[in-house]
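Please work through the exercises below with the sequence and the model at hand, and compare each solution with your own reading.

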Amino acid sequence: MSQNKYLPPLVCGFGAAVLTIVPGIKSFSCCMIVPLAGVLSIYLDHKINKTSLPVGIKSAIWFGFITGIFATLFATSLDVLLTYLAHTNDFVQALPQTEAVVRHYKLNAMLDQTMSMLKQMSNDITINGFSAFYTAGILFSNFIINTIFGILGGILGMTFINKRTKVQN
Amino acid sequence: MEAVQGNTSFNKNKRLLLNLIAGFISRKRAIRIFLFLSLVLWCIGFSFNSLFSGTVAAGITYPFLKKIFHMVCHQLDEKTFNINGAKLFVCARCTGIYLGALASSIASLFYIKRFSLRLKLLYISMVPMLIDVAATTFKIYDYSKMLAFTTGLFFGSVVFIYILIAIENNFMDDSY
């Protein structure tokens with residue numbers, strides 16, 4: 001596989017990660033960012049290679065997956081960097097509200113355990129600007145969500161390109 | 001020698017079992033069932049807090065599910081449905097998209113013929129949603145949860161069919 005093959009997923013993954021971090025954009029694009037990155041990634045690859053051949057599903061899944069991986073890596077890195085610089089993030093800010101909701105369930109011992117874990121993460125972020133547990137958590141959830149949505153985007157992109165190719169031929 | 005014979009017998013049984021399952025479920029139907037189950041799981045995930053409101057499971061999973069679904073949705077309170085005394089983890093538009101996809105996946109289990117759609121329908125399904133997003137962003141009219149939900153529902157139900165077509169056309173067997 002040539003290096004060029006990684007370029008569109010890298011660029012689109014980075015773009016998706018940046019857009020995920022920007023709060024204003026997220027409020028109206030929601031879950032569309034990563035799938036669109038997947039679509040764009042496969043479309044750019046098709047343009048770079050100047051091929052008129054239809055895209056196969058393996059290739060579409062691969063592109064979507066790689067875009068998701070790059071989006072995960074960049075989004076997690078940017079989140080960690082911003083958290084380190086600001087010593088706070090949306091998780092820390094939303095913790096009192098989360099605690100209020102969780103306390104509503106009257107879980108007693110379980111609540112204490114859950115809350116102490118969350119508070120430990122929040123304290124680490126406030127004091128050191130970094131929490132290993134929080135980072136591992138967002139890396140894992142970013143990986144799962146972004147790769148799934150990236151693959152869906154790749155498959156949609158494949159449909160789009162193959163329909164266009166069919167029309168042109 | 002006995003181990004080899006045991007292994008061969010195991011492989012034979014495995015093949016028999018797989019053939020038996022394949023007799024009931026073709027590859028196409030298996031894909032549709034898989035997509036349906038995945039969507040059911042996803043929908044249970046974002047509505048877990050509402051479905052199991054007041055239970056220990058909902059309390060423990062709340063912070064983690066909220067964080068996970070925050071990856072795919074802004075979760076603004078004023079744009080989220082409140083069901084059974086608890087907020088969903090995704091906004092009204094995302095709820096519509098996922099429920100639309102789920103509705104299409106249920107329909108796909110019963111309508112077993114191969115779907116064929118023009119790309120134009122995908123663009124058309126996006127239009128109401130994009131108009132609604134633009135209109136609420138530029139304050140042409142106020143945000144309405146029901147409108148966001150409805151436009152999302154339409155888009156979600158159509159986009160699922162495109163994904164299904166793409167998968168089926170590539171993992172196709174004509175044993176239907």
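Two exercises with worked solutions follow.

The model is predicted, so local features need pLDDT of at least 70 and side-chain atom pairs count only at pLDDT 80 or more, whereas totals for chains, interfaces and linings use all residues. Residues are numbered from 1 along each chain as its sequence is written, and chains are lettered from A and ligands numbered from 1 in the order in which they are written.

**Exercise 1.** Describe the side of chain B that touches chain A.

*Solution.* Begin with the count: 28 residues from chain B and 29 residues from chain A take part in the contact, where two residues are in contact if their C-beta atoms, placed from the backbone, lie within 7 Å. Next, assign the chain B residues to helices (DSSP runs of H or I, at least four residues, numbered from the N terminus); at least two residues each come from α3 (56-70), α4 (92-110), α5 (119-137) and α6 (145-170) of chain B. The largest share, nine residues, is supplied by α3(B).

**Exercise 2.** Determine how α2(B) and α3(B) are oriented to each other.

*Solution.* First, fit the axes as lines to C-alpha atoms over the stretch in contact, with angles running from 0 to 180 degrees between N-to-C directions; the axes of α2 (residues 27-51) of chain B and α3(B) come within 10 Å and cross at roughly 140 degrees. The two helices are therefore oblique, since angles under 35 degrees count as roughly parallel, over 145 as roughly antiparallel, 65 to 115 as roughly perpendicular and the rest as oblique. Finally, list the contact residues: α2(B) contributes Gly45(B), Phe46(B), Phe48(B) and Asn49(B), while α3(B) contributes Ala58(B), Thr61(B), Tyr62(B), Leu65(B) and Phe69(B).
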